[in-house]
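Work through the exercises below with the sequence and the model in view. Each task is followed by a solution in steps.

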Amino acid sequence: MRRRSFLKAALGAGALVPLASGGLWARPLHALPFTRSAAAGDRILVLINLNGGNDGLNTLVPVDDQRYYDARKVLGVAKSDTLSIAPGAGLYKVVQEIHDLYSDGTCAIVPNVGYPNQDRSHFRSTDIWNSASNSDQVITTGWTGRYLETIHPEYPATLPAAPFAVQVSSSTTLLLQGTRGGLGMAIDSPDRFFDLASGLSASNDPVPATLAGPQIDFIRRIILEADAYAAEINRAITAGKNRVDYPSGEIAPDRQGLGPQLQGVARLIDGGLPTTIYVVTLGGFDTHYAQSGIHETLLTDFSKSIKAFLADIAAGGNADRVVCMSYSEFGRRLAENNAKGTDHGAAAPQFVFGAPVLGGNLLGPMPDLGDLDSRGDVKMKIDFRQLYSTLLEDWLGFGHDDTVRVLGGSFTKLPLFRTASVESPEQSLSAGGMVRIDALAPSPASSSATLGYTLAGAARVSVTLFAGDGTRIATVLDRDQEAGAYQLPVDVRALPSGNYMVEVSAGRGRAMRWLQVVR
Amino acid sequence: MNRRSFLQRSSAFAPNGAVSSAWMEPGAVLRHNLPGMRESVASISAGDLTPYTPRPDKPWDTRRAAHLLRRTGFGPTWEEITAAVGSTPAAVVDGMLSGAPMPDPPPASNGDFPWYNEIHLSPDNSQLQQYYSAASTLQEWWTALMLLPSAMLREKMVLFWHNHFVSEYSKVLVTPFMLTQNQLFRQNALGSFKDLTKQVTIDPAMLIYLDGTTSKAGNPNENYARELLELFTIGVGKYGDGTPHYTEHDIVELARALTGWRVNTTTTSEFKPASFDNGNKTILGATGNFGIQGKTSMDVIDLIFDQTDKDLGKKRAAVFVCSKLYQYFVYDTPDMDIVAGMAETMAANDWQIAPVLRQLLLSEHFMDDNVIGARIKSPVEFVLGSIRQLHLNAGITPTSRNNTDIGKQGLHDPVTAEGYLAQTLLAPPNVKGWPGGRSWISSATVPLRIRYSQLWIDPISGQDGGYGFAPVPFVKSLPDAKTDVNKLLDHLLELMLPLAVTDDARKPLLDALLAGGQTYEWDPDAANAGPRIKDCLIAIAGLGEYQLT
């Protein structure tokens, strides 16, 4: 069998740096110092597509739920084969490295992610995730494409020095498609890209006024972009270094692992490529048949690769700039099938990684296996667009109104990040914001905390308290206020221990900050 | 002339400077074949399905004959184009549609017992290694068949069916089953879509690939049922009145009807009544004990093929497959008027493909200038087209086992080169197949395509044997090669590009052939003619138009 090319592994095989696994589930918020907040323009988002529909129930295992073991007599993961992260919740031991990251506070887990009216077609559901559409809606652009074209109105009239987004693949997907064309670039081997693409040219002769004309324009544009970006990518790949070993990537025939892909991404980041979004893909999760073994191989690759990547990024001094999110078109059915496999399901857990992430958090309850949908699938509790809105606003610093427009609606954000949505008080006000948070102390608090905030002008102000999973708990304040500085006590005596988010909104401005409560 | 400097000189502008606004018109970028885009765009004025009549403003000439041959094959040679021009469109198409003998299966290695007679349903590691090697032989055998002039349209349809009824080798693993399926596609390439669907439903490779082998009464597996409706016959979506083409419940019930089939150690499958769900099912509004109870009793497939497209009033499965045929042979975005006409022809001819293709290929629509050169070459079309049109020696035939001894690697092995360009035969990316169209073109693949063309035309000496391109004999196989360099260049362009180029684009190509000389000084036998011919061809292959067919 002759296969397509694999990415070259730049480093030889070697032992991963062993890191202690903690096993704590209630990770104190202050266990790690708050990281320096990178300016929004320097921030990077790495999207990890687990293609085929990852079996979330065999990733984050409901270890105390007998209904799980009853439905999965063959495939059920024994509690003793899991690493506990919360009561009733265990990570399958094949993702031990993810458990390490969770324990270190650099991984948050969001259970029950999906969307209303789950579509069980791989292709439709992947399109839905990529486009951020509703289940019954066809949108032909991607959410990151729309984000990127909003912040780069000059494109494509002016080509940037480096691509806005890089998909490690032979082609880009709907994810990076905008209304003005593709916003991303496909690179399947960064270290040879320069040799291939540099020096290519395309004519600007008139094209025929037939259907062929736009095709020629399209091909010429891709040639020009490849050539235009070649120098910058070569500069980054030459200057960039990898400082840890990665999994080899050859995990099965015709199945490329994440290791070499993330290794290439790390090298481009280390080399200073000014690209905002990277997309990597691990396929093979469509485990209808003989799941045992295949699924473990894939999860192991995911786990070891992401840990190596984050270690590499940290060693290069970029830990505060990089956040990763996993996504998969659906989870799998609770009941295993007759073929020692699992069929297409609905909601599933997703993972968010990185030093800026408010890690060590499970942002919601484990699936309620007594309340499945009509197909016997896990019901959605968190809309996937809540993850997107959080990433756009709280990580990439995208404006709230723009986020609503790009996502086609307002989706409650999740407490995923250590820092608030604004870079700094100064930026908040100068960027047209109406409000900044000056202080929220003490944190941790046990009875009361004091919120200090400043209004730039008269506005209707509301202060809202959210639980760690994004659920609204209380409105602390809702009234018209004049410009000025305010102090507001927040009573936390009724709250259980945990992480909470305080949001101050004033007109179109919003600011947020985390508050930890300990009993 | 230094090749790099030639390529740079022929570029009309600096990459980072002001770029012509032509390519950035929003419509130009947006109109066609975005991933996930299924709806049709503004209709094109390109004639209808009435039979094409050659006439002065739409002549049957080199360009139009080459168009027909490009779309129905893998890159015509000059001789094939000339022969077609000397014939009639109908005679050419009828020739393509006439049955060609089935090829013998791939040769055994060194007279060993042929691998395709050894079926291991649970292969051990050593058997897997043999199967893996056999898959390489199968890929190469099929590629060699595509290169032959005798059954191009049939082989092009085998590739169509491979990308329609997808099975991935990496899951099936039992290479003999992949050969059986490949021959099934070949045997039925131009025959009845409905019959082929029935045979694919119980094809051993498909039974493994979409888990039919584990589906049984009481525990049906939905995988094949879902794809049978979504990707093979009906297609996902809603009609204009808002009703879905089918529902999740239809899939559940259809999965029950498809239970009972198992593979065995022959290359056929068998029905096991004990595993069949013998109860009533309600599928697509009909209730009955539907099933696949034997190779001649497949009422559930009949039921699916009876569905009517509410919007077009034609058989839905015919509309669905004709849309895909349209995209494969004409253009990325289906013209639904044409598709409706094709679907009607299909229904009137008992689901036969040949009459549909005959009507399409001989239509005013297909022969219209508007669609010529409007498709992007797939990697298979790109690689094999270059080999055929430039008389390259791919070093493979269907009757000898070559892959172990040709000593060619990477870009000089057609199967591997196709894979580098993202189309490995027997390994589509998923059950939906290669999306095709613009998805073939990216910053990862286009630079490779251009560099490969350069190296096929001008291999780096000492690296490997290359394809043995012989520039001087190649141009001398074209008319006017010795006497008129302008006409020679016209022929080269007609051969290699589907579209005419502007005078501005043509000028550097002529300069490359002449290298500063005058047209009357042209002599293909001059000592330095070879490098100049190569320069010219490399420049042609670097044009955007070379990616089109």
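**Exercise 1.** Find where A:Pro156 is placed, and describe the peptide bond that leads to A:Pro156 from A:Tyr155.

Solution. Step one: A:Pro156 sits in the loop between helix H4 (143–151) and strand E6 (165–167) of chain A. Helices (H or I, at least four residues) and strands (E, at least two) are DSSP runs, numbered from the N terminus. Step two: the bond from A:Tyr155 to A:Pro156 is cis, with omega near 5 degrees.

This is a predicted model, in which local features need pLDDT of at least 70, side-chain atom pairs count only at pLDDT 80 or more, and totals for chains, interfaces and linings use all residues. Residues are numbered from 1 along each chain as its sequence is written, while chains are lettered from A and ligands numbered from 1 in the order in which they are written.

**Exercise 2.** Describe how E17 and E18 of chain A are connected.

Solution. Step one: strands E17 (residues 435–441) and E18 (residues 448–455) of chain A run antiparallel, joined by six bridges; pairing requires that DSSP finds at least two bridges between two strands. Step two: A:Ala439 stands opposite A:Gly452 in E18(A). Step three: a hairpin of six residues links E17(A) to E18(A). The loop between E17 and E18 of chain A contains A:Pro442, and a cis peptide bond with omega about -5 degrees joins A:Ala441 to A:Pro442.

**Exercise 3.** Is A:Ala132 buried or exposed?

Solution. Step one: a residue is buried if 20 or more other C-beta atoms, placed from the backbone, lie within 10 Å of its own, exposed if 12 or fewer, and partly exposed in between. Step two: A:Ala132 has 26 other C-beta atoms within 10 Å, so A:Ala132 is buried.
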